[in-house]
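Grab your viewer and work through these exercises. Try each one yourself before you read the solution.

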Amino acid sequence: GLTSSPGHSLTRIDPTTNQATKTISLGPASLGPFGVALAGGLVWVANHDGSPSISLSKVDEATMKVVGTVPIGTATDSGPVKVVSTAGSIWTNLAGESVVLRINPQTDAIQARIPVASSCGGLVADDTTIWVACGAGDGCAPGLSRIDSTANAVTATNAGPRRHDPA
């Protein structure tokens, strides 16, 4: 899927033809949609800007209809950017809080809030590990954190290079 932040929409792309096959509005709860992940027949969309709160949208993969919205915070402009599915959970980053959330996809409950050095960048995952890239913008410290999904904890952090500010 492809999101459009100004259009508050999600577009399905046919991988065979590379053509858009359907675009849907994610509604007023989805301001600033960014990252997407597939899990259990649902497309999960990270809504960075919220009104009245930041959230994840759940879209039925087959029908392309919004089937739910999961509020995950009260900030209005520093919500999730990326979302991944692994270890039976949905994982998303809250850039404004430097935290990664683990969400139960069956109950929509937040299972864990895992502090990281910074969470302004990307998320990638394998079966047991979530990697959090940092330093994607102003105010975001560069670095990389590794989260162990069994422990719900950061097991390694690389601070990354410091930005050089020539005088």
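**Exercise 1.** What percentage of the 167 residues of the protein chain count as buried?

*Solution.* Keep in mind that you're working with a predicted model. Start with the cut-off: a residue is buried if its relative accessible area is under 20%. Apply that along the protein chain, and 41% of its 167 residues count as buried. Then look at the surface itself: the accessible area comes to about 8300 Å², with 53% of it belonging to carbon and sulfur atoms.

**Exercise 2.** Work out how many helices and strands the protein chain has, and how much of its contact set is long-range in sequence.

*Solution.* Count the elements to begin with: zero helices, 15 strands. Next, take the contacts with a separation of 6 or more; residues 24 or more positions apart account for 33% of those.

**Exercise 3.** Find the strand order of the open four-stranded sheet and pick out its edges.

*Solution.* Trace the pairing and you get β8-β9-β10-β11, paired antiparallel. The edges are β8 (80-86) and β11 (110-115), since each pairs on one side only. From one strand to the next, the twist averages 20 degrees. Now zoom in on β10 (residues 99-103): five bridges tie this strand to β11, and Val 99 has Pro 115 as its bridge partner there.

**Exercise 4.** Describe the hairpin of β14 and β15.

*Solution.* Strands first: β14 covers residues 143-148 and β15 covers 153-158, running antiparallel with five bridges between them. For a cross-strand pair, check Arg 146, which sits opposite Ala 156. Finish at the turn: four residues lie between the strands, and Asn 152 takes a positive phi near 50 degrees.

How values were computed: Residues numbered from 1 in each chain as written. Predicted model: local features only at pLDDT ≥ 70, side-chain atom pairs only at ≥ 80, totals over all residues. Heavy atoms only, no water. Helix = DSSP H or I, 4+ residues; strand = E, 2+ residues; numbered from the N terminus. Buried < 20%, exposed > 50% of the residue type's maximum accessible area, 1.4 Å probe, protein only. Contact = heavy atoms within 4.5 Å. Areas by Shrake-Rupley, 256 points an atom, 1.4 Å probe, with all protein chains shown as cover. Pairing = 2+ DSSP bridges. Axes fitted to C-alpha atoms, helices over the stretch in contact; angles between N-to-C directions.
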